[in-house]
Amino acid sequence: MTRFQFNIHARDGKARTGTIQMQRGEIRTPAFMPVGTAATVKAMKPETVRSIGADIILGNTYHLMLRPGAERVARLGGLHKFMNWDRPILTDSGGYQVMSLSELRKITEEGVTFASHIDGSRHNLTPERSMEIQRLLGSDIVMAFDECPRADQGKDVIERSMLMSMRWARRSREGFDSGEEHAARSALFGIQQGGLNEDLRSISAGKLQEIGFDGYAIGGLAVGEGQEAMFATLDFAPTQLPDDKPRYLMGVGKPDDLVGAVERGVDMFDCVLPSRSGRNGQAFTWSGPLNIRNAKHAEDTGPIDEHCTCSVCATYSRAYLHHLQKAGEILGAMLMTEHNLAFYQQLMAGMRAAIAEGRFADFAARFRARYFAR
Ligand SMILES: [Zn+2]
């Protein structure tokens, strides 16, 4: 069986559409991966996540290592069985979330020691341990362990951090390969760093390609630099990476971020935005985002988006969703999350079709005209 095979079926400008074949299923690209932080895409049953068109979801190493613990998940048959998701899962390395969530961090060449944000217990995370955890979880796409510095730091800090991440990338490769049985049926992605700097990004891309990975992520963006700076970096970062391997922009983003990144040659995304903002009452539509808690929706019998094909829009009114949100009902979070994730999948499907038919520029222009019309 195919371990990992990326085929590009069509190109339009820098944009590409294709498929990744893996043992647990096919991933259509450009792909958006719903985030299943703690072995659940919050407020969604796995069968619904699949039914709206998601081919792959993301799990968080940091959260799962702390609770319920990677060894426990392994004893229970792995993450897929544990959470009832039989398709591909990508796990992050834990590096980014250690930096953003944990307390009392100490970063050395060896790795990171930190205190859990849940109970203060002490933990170590190294490239080797991150690979072991992702193996115990049974991840299909394993991410190299890296450090993600804040974007507002000086070039020397970004460079030192990037060079350490590249040394960690080599240790990640060796750690991944040492788990032979798991390595034979899963894939390993490296992560490009270097902030907003073209030279540092180029050095990082070169070092990653010397090591060799199945796919390449663009890390260190969407950390507060703003869309303009992110797009300026994406004007060069994706094309520094191998053309024939998937490129994954981590932690992005808003619908207009996704369109702009696909336009610049990105193939994969993940972000908590559609699910998190859904729980908070924000719905994404082809006409831009809306807040369902707004009083103007209180007696609106129409759907969230009349062009959305999801089951929520086919069944429930803005008025009802407004009521559920105002009343703090759990169903409100469930339905809003489902619509948002379905909308994201429809956006990706629309981009894939437009690339395949050679009309991506037109698709992007029409998307922006409607999305920013108000
Ligand atoms: Zn909908």
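## A tour from Ile 292 to the zinc site and the cores

Start by selecting Ile 292 and showing its neighbours: leaving aside residues up to four places away in sequence, Ile 292 touches Gly 281, His 297, Arg 318, Leu 321, His 322, Gln 325 and Met 336. Keep in mind as you go that this is a predicted model.

Where does Ile 292 sit along the chain? Follow the backbone and you'll find Ile 292 in the loop between β17 (290–291) and α14. Is Ile 292 buried or exposed? Its relative accessibility is 0%, and buried means under 20%, so Ile 292 counts as buried. Now add Phe 231 to your selection and draw a line from C-alpha to C-alpha: Ile 292 and Phe 231 are 30 Å apart in space and 61 residues apart in sequence.

**Next stop: the zinc ion**

Click on the zinc ion and show what holds it. Which atoms coordinate the zinc ion? They are the SG atoms of Cys 308, Cys 310 and Cys 313, plus ND1 of His 339, at 2.1 to 2.3 Å. Try the angle tool here: the angles among the four donor atoms run from 99 to 118°, and the site is tetrahedral. For comparison, the ideal angle for four tetrahedral donors is 109.5 degrees.

Along the sequence, the donor residues follow the spacing C-x1-C-x2-C-x25-H. Colour two of them, Cys 313 and His 339, and you'll see a pair that links distant parts of the chain: Cys 313 belongs to helix α14 (residues 311–315) and His 339 to helix α16 (residues 330–356), 26 residues apart.

Switch on a surface. His 339 has a relative accessible area of 0%, so it is buried. Cys 313 also counts as buried, at 9% relative accessibility, and Cys 308 is buried too, at 9%. While you have cysteines on screen, don't go hunting for disulfides: a search of the whole structure finds zero.

**Last stop: the nonpolar cores**

Select Leu 234, Leu 249, Leu 258, Phe 269, Met 351 and Phe 360. These have the most contacts inside the largest nonpolar core, which has 89 residues. Which helix gives the most to this core? That's α16, with 11 residues. Colour by domain as well: domain 1 (4–270) and domain 2 (279–371) both give residues to this core, so the core lies between them.

Zoom in on Phe 269. Among the residues Phe 269 touches are Ala 31, Phe 32, Met 33, Tyr 248, Leu 249 and Met 348.

To finish, pick Phe 4, Val 35, Leu 58 and Met 250, which are included in a second, separate core of 20 residues.

Technical notes:
Residues numbered from 1 in each chain as written. Predicted model: local features only at pLDDT ≥ 70, side-chain atom pairs only at ≥ 80, totals over all residues. Heavy atoms only, no water. Donors = N, O, S within 2.8 Å, 3.2 Å for Na, K, Ca; no water. Tetrahedral: all angles 85-135°; square planar, octahedral: opposite > 155°, others 65-115°. Helix = DSSP H or I, 4+ residues; strand = E, 2+ residues; numbered from the N terminus. Buried < 20%, exposed > 50% of the residue type's maximum accessible area, 1.4 Å probe, protein only. Disulfide = S-S within 2.5 Å. Core = buried A, V, L, I, M, F, W, Y, C linked by side-chain atoms within 4.5 Å. Domains from an automatic or database assignment. Contact = heavy atoms within 4.5 Å.
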